[in-house]
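Reader: I am new to this structure. Please take me through the empty space inside it, one step at a time, and then show me what surrounds that space.

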Amino acid sequence: MIKDILKEKGRSLSFEVFPPKKEADFDSAFETLKALGELQPDFISITYGAGGSKSKKTVDIASYVQNTLHIETMAHLTCVGNKKEDILSVVSALEAQNIHQVLALRGDRPKDMSDEQYESRDFLHASDLIAFLKKETSIHCAGACYPEKHFECFSKETDVNNLKIKQEAGADFFISQLFFDNDYFYDFMDRAVRKGITVPLCAGIMPVTSATQLGTTVSLSGSSIPKAFSDLIATYGDNPEDMRKAGIDYAIRQILDLQKNGVEHIHIYTMNKPKTATEIVNGIR
């Protein structure tokens, strides 16, 4: 189990990947996974579409990682667009493929979800999903955390209180939203420890290899952009190859600084790019 890996290893390195959008892309997706597997991550997490739109693809990809590559696998599981019976169906499909770990998330509201449906949904929060899974299934759960607080949350204090609720509901560990300024993560760790968070915290790092990617990333995550990173974009943004190298170097320096300051568990948002992941792994190992 991943929770045991995090407990037993001094340091861990893990990846996030996403399922292909088109059936025709599955063969190349498996090649991508195979290449990432050669980097020997401690586990791989597989994302999940809002409202369950990609649940079958998530199961298929997760099964390949778990049963063919023999790497510990965790499937994302969102609840905002799902009823309890939908959640149980997905968990059953995962367990049938020897997958016993999920990252329990609320998820983004589906575009076609009415206000009435949204307000009457079975699960208001990720903590409700975790509590349900712990009561009704034998699946193991991780949760998400937010170094700069969740963008919908009133305050950092409220945000870490919500994290404690997730831990008490049964979360085995947490994976952070991406961030570009390590000071946010260090501050978050201090607040989490003071609040009584005792499970492992994994720092989520996304290498930004193009100026366009940065705009999309920030709009989706709400992450702040420090001056050092803004300067990097200003200097290299118009040159794709230089920007790619600079973005990878920034991610490497982020990780090395985190490790130097006692952060043991690193989770890389690979964007399904084995070459980028390889360069980062080579830079930190």
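Author: The count comes to three cavities of 30 Å³ or more. The model is a predicted one. Take the largest cavity. Its volume is about 50 Å³. Helix 1 (2–8), strand 4 (101–105) and strand 5 (140–145) are the elements that each give two or more residues to its lining. Strand 5 gives the most, with three residues.

Now the residues themselves. Met1, Ile2 and Lys3 line the largest cavity, and so do Met74, Gln101 and Val102. His140, Cys141 and Ala142 belong to the lining too, along with Asp172 and Phe173. Which classes do these residues fall into? By class, seven are nonpolar, two are polar and two are charged. Lys3 and Asp172 are the charged pair, because Asp, Glu, Lys and Arg count as charged. Gln101 and His140 fall outside both the nonpolar and the charged lists, so they count as polar.

How is such a space found? Rolling a probe the size of a water molecule over the atoms shows where empty space is left.

Next, an open space. The second largest pocket has a volume of about 190 Å³. Its lining holds 12 residues, and the closest to the centre are Val80, Gly81, Asn82, Met113 and Gln117. By class, this lining divides into three nonpolar, five polar and four charged residues.

Now the strands. Two of the elements named above, strands 4 and 5, give residues to the lining of the largest cavity. Both strands belong to a barrel. Eight strands close into that barrel, in the order 1-2-3-4-5-6-7-8. The pairing is parallel. From one strand to the next, the twist averages 30 degrees. Strands of a sheet pair through backbone hydrogen bonds, either parallel or antiparallel.

One pair can stand as an example. Strand 1 covers residues 12–17, and strand 2 covers residues 43–46. They pair in the parallel sense over four bridges. Within this pair, Phe15 of strand 1 stands opposite Ile44 in strand 2.

Last, the whole chain. It has 12 helices and eight strands. The radius of gyration is 18 Å, close to the 19 Å that the globule rule gives for 285 residues, so the chain is as compact as a globular protein of that length. Along the principal axes, the C-alpha atoms fill a box of roughly 50 × 45 × 40 Å. Of the 285 residues, 52% count as buried.

Methods. Residues numbered from 1 in each chain as written. Predicted model: local features only at pLDDT ≥ 70, side-chain atom pairs only at ≥ 80, totals over all residues. Heavy atoms only, no water. Pairing = 2+ DSSP bridges. Axes fitted to C-alpha atoms, helices over the stretch in contact; angles between N-to-C directions. 1 Å grid on protein atoms, 1.4 Å probe; cavity = no way out; pocket = protein on both sides within 12 Å on 5 of 7 lines; lining within 4 Å. Points joined across faces, edges and corners; volume = space filled by probe spheres on them. Rg over C-alpha atoms; globule rule 2.2 N^0.38 Å. Buried < 20%, exposed > 50% of the residue type's maximum accessible area, 1.4 Å probe, protein only.
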